[in-house]
Amino acid sequence: KVAIKGIERELICPACKELFTHPLILPCQHNVCHKCVKEILFAVEDSLADGGSESSNQSSPRIKICSSSMDRIDRISRTGTKRNSLTPRSSLFPCPGCQRDIDLGERGINGLFRNFTLETIVERYRQAARAAIAIMCDFCKPPPQESTKSCMDCSASYCNECFKIHHPWGTVKAQHEYVGPTTNFRPKILMCPEHEMERVNMYCEICRRPVCHLCKLGGCHANHRVTTMSTAYKTLKEKLSKDIDYLISKESQVKAHITQLDLLLKETECNSERAKAEASHSFEKLSHVLEEKKSAALRAIEASKNLRLEKLQMQAEEYQGLLENNGLVGYAQEVLKETDQSCFVQTAKQLHVRIQKATESLKSFRPAAETSFEDFVVDIAKQEEILADLSFHSNGLEIPEINEEKSRMYNKALISWECPGKTDSADIYVLEYHKLNREEESAPWQEIEVCSKSKVISDLDDDSSYAFRVRGYKGSICSPWSREVILRTPPAPVFSFLFDDKCGYNSERLLLNPRRTSVESRAGFPLLLGSERMQVGCYTTLDYIIGDTGIAKGKHFWAFHVEAYSYLVKVGVVASNKIQKLFHNTHDVTSPRNEQDSGHDSGSEDAFFDSSQPFTLVTLGMKKFFIPTTPAAPKDPASRILPLPSCLGICLDCEEGKLGFYDAGGMKCLYECEVDCSGVMYPAFALMGGAAVHLEQAVTAKYGEYHDDI
């Protein structure tokens with residue numbers, strides 16, 4: 001006999017939460033009912049056929065699948081196949097026991113073994129649970145008698161008389177195996193699911209499952225290490241017995257752990273009640289403060305109302321006296337009836353002053369009190385924001401920090417953050433951002449929930465500054481907000497292009513990468529040959545390359561990186577009608593003068609050279625940015641030399657006819673000039689010696705993490 005009490009949890013299917021019925025052993029060694037396996041696989045295939053998980057949620061009510069399992073079903077359905085009316089064909093199975101996706105192989109559900117041992121134990125449990133319910137004989141005439149034994153070969157139950165009749169002495173049936181009354185009939189021989197006519201007689205140590213000799217000879221277990229069934233039986237039984245004996249010997253330790261866990265359960269219960277009481281007390285304090293503020297505000301409004309009503313009532317009474325035969329006017333009319341001059345003068349003087357005041361007030365009427373209560377409006381915007389952030393703060397949950405080096409603004413905003421430590425990391429992050437507007441200082445924060453440590457944000461306004469902050473959540477506990485980071489968007493929409501490998505491209509001196517996003521000048525043998533032919537001066541031409549897309553109108557921005565080792569690079573724009581001059585310009589040399597030196601250093605030649613160019617370019621090199629020589633430029637040469645930004649941007653405004661050069665990191669304008677935009681404008685670059693330029697790559701959302709931005 002087996003100890004039935006206390007083993008119920010081992011006999012429950014993780015899918016249907018009921019006792020196992022014909023359990024199958026999965027490759028992960030978990031057991032699931034045969035019917036449950038089929039229904040889950042059908043749910044996977046229904047999800048594939050319907051293009052979503054709605055049909056999966058409407059599967060058999062017998063299966064209780066959690067939301068995480070449904071997510072795995074949706075993921076598996078992308079690689080599944082069409083549903084067969086009888087047998088599911090999907091090879092991936094979301095195991096409800098270990099929450100992993102299990103590969104069932106080519107045969108799928110047909111390649112799984114039935115766990116007869118577990119079936120037997122479940123049947124014993126059922127018999128113990130329904131001991132009062134007898135199993136009746138299958139062959140008795142009505143009324144049937146209670147069975148006394150069951151034949152495993154006939155898969156039927158018999159009373160003593162019927163068993164003798166159907167298993168006569170001296171026949172083959174007399175040799176059948178019989179057991180006590182049961183409803184669980186299993187085959188005497190375990191057959192191979194791969195080769196249905198072969199019985200299993202070996203055990204694969206790699207796959208940990210019984211196999212037949214055909215599986216070993218030419219099947220999927222041909223190169224696996226196998227052992228005989230008797231050896232595997234003996235080894236596994238010894239191991240299991242040894243482990244059981246060890247657990248039994250540690251019974252006192254197990255009981256001690258159970259006692260400790262019981263104490264932890266009680267302690268958790270007490271601590272949770274204490275936390276509830278503290279939280280309730282905190283909110284009651286807030287409620288008390290609000291009630292006091294509410295009462296004070298209402299008292300102030302009531303007092304102001306009474307004072308204003310009193311003033312208005314007095315004013316109304318004064319004006320009531322101005323009516324005929326009433327109040328002041330009536331009194332004055334009676335005074336006019338006085339005939340004694342001395343008495344009249346004595347009374348009329350003071351009365352005349354009052355009449356004059358009433359007349360003046362009548363001409364310039366003003367209410368004695370304001371009816372508006374605008375001064376008593378309570379501004380709770382900040383308090384609402386603070387209360388919205390009210391949550392459980394934990395010192396153990398570290399504050400995330402926005403990484404400004406990895407974060408960048410281009411066609412979209414890429415915000416990346418990290419946590420200083422690795423312990424107690426958050427399960428989810430909340431990223432908030434808002435536009436910094438001088439007119440509206442308290443712009444509302446926009447909130448995004450993120451499961452990773454980066455996020456791509458679209459639809460931001462051009463030429464605007466945004467503040468970003470992030471906090472982590474782990475359950476109901478959240479970290480404080482990170483330090484706010486301010487980033488600025490480009491001054492215009494981002495213009496996308498590649499380097500043109502056809503128009504004027506010099507493949508001997510310039511090297512393009514396969515994607516045409518990077519160009520590098522080759523300071524090699526061809527350059528030495530060109531210099532060797534020049535006997536006078538140092539006149540080496542620049543190698544030009546342009547973008548493959550032009551700009552006809554609007555305002556556009558693009559950015560690029562110049563390698564720090566670059567000796568000389570020129571960047572800017574060129575008009576379509578001047579491209580030929582760009583690639584065949586004899587004045588385009590490294591020396592500032594093409595003609596013979598005039599003999600003085602007035603700089604007039606430099607100014608003439610810059611103004612005579614058929615295109616607009618600025619010079620970069622040796623980690624410096626050189627502001628061109630113009631009348632508006634500083635006269636001091638040192639003030640015209642700036643450090644070269646790590647990323648340089650160019651903004652072309654065709655409507656305004658302006659070209660700006662920016663530090664793309666902070667979107668700060670370094671230099672701006674006028675440009676003739678009468679034709680189609682192309683981005684232009686010139687390199688000499690060892691130099692390289694890399695176009696800034698557009699920010700794209702990663703699939704699966706930012707699917708809403710794709």
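The expected span of a helix is taken as 1.5 Å times one less than its number of residues. In the predicted model examined here, helix H8 comprises residues 251-320, 70 residues in total. The distance from the first C-alpha of H8 to its last is 101 Å, close to the 104 Å expected at 1.5 Å a residue. The buried residues of H8 are Ser304, Arg308 and Gln315.

Helix H8 belongs to a protein chain whose secondary structure amounts to 14 helices and 34 strands. Of the 710 residues in this chain, 34% are buried. The surface exposed by the protein chain is about 44800 Å², of which carbon and sulfur atoms supply 54%. When contacts between residues at least 6 apart in sequence are considered, 61% of them join residues at least 24 apart.

A local environment was also examined around Asn403. This residue lies in the loop that runs between strand E13 (401-402) and strand E14 (408-409). The relative accessible area of Asn403 is 14%, and the residue is therefore classed as buried, the cut-off being under 20%. Within the protein chain, the side chain of Asn403 reaches the backbone nitrogen of Lys406 at 3.2 Å. Once neighbours within four places in sequence are left aside, Asn403 is in contact with Ser416, Trp417 and Glu418. The surroundings of Asn403 thus include the backbone nitrogen of Lys406 as well as Ser416, Trp417 and Glu418.

Note on methods
Residues are numbered from 1 along each chain as its sequence is written. This is a predicted model: local features need pLDDT of at least 70, side-chain atom pairs count only at pLDDT 80 or more; totals for chains, interfaces and linings use all residues. Side-chain values use heavy atoms; hydrogens and water are left out. Helices (H or I, at least four residues) and strands (E, at least two) are DSSP runs, numbered from the N terminus. Buried means under 20% relative accessible area, exposed over 50%, partly exposed in between (1.4 Å probe, protein chains only). Contact means heavy atoms within 4.5 Å. Accessible areas come from the Shrake-Rupley method with a 1.4 Å probe; for residues, only the protein chains shown count as cover. A polar contact is a pair of N or O atoms within 3.5 Å; within protein, one must be able to donate a hydrogen and the other to accept it, and residues adjacent in sequence count only if both atoms are side-chain atoms.
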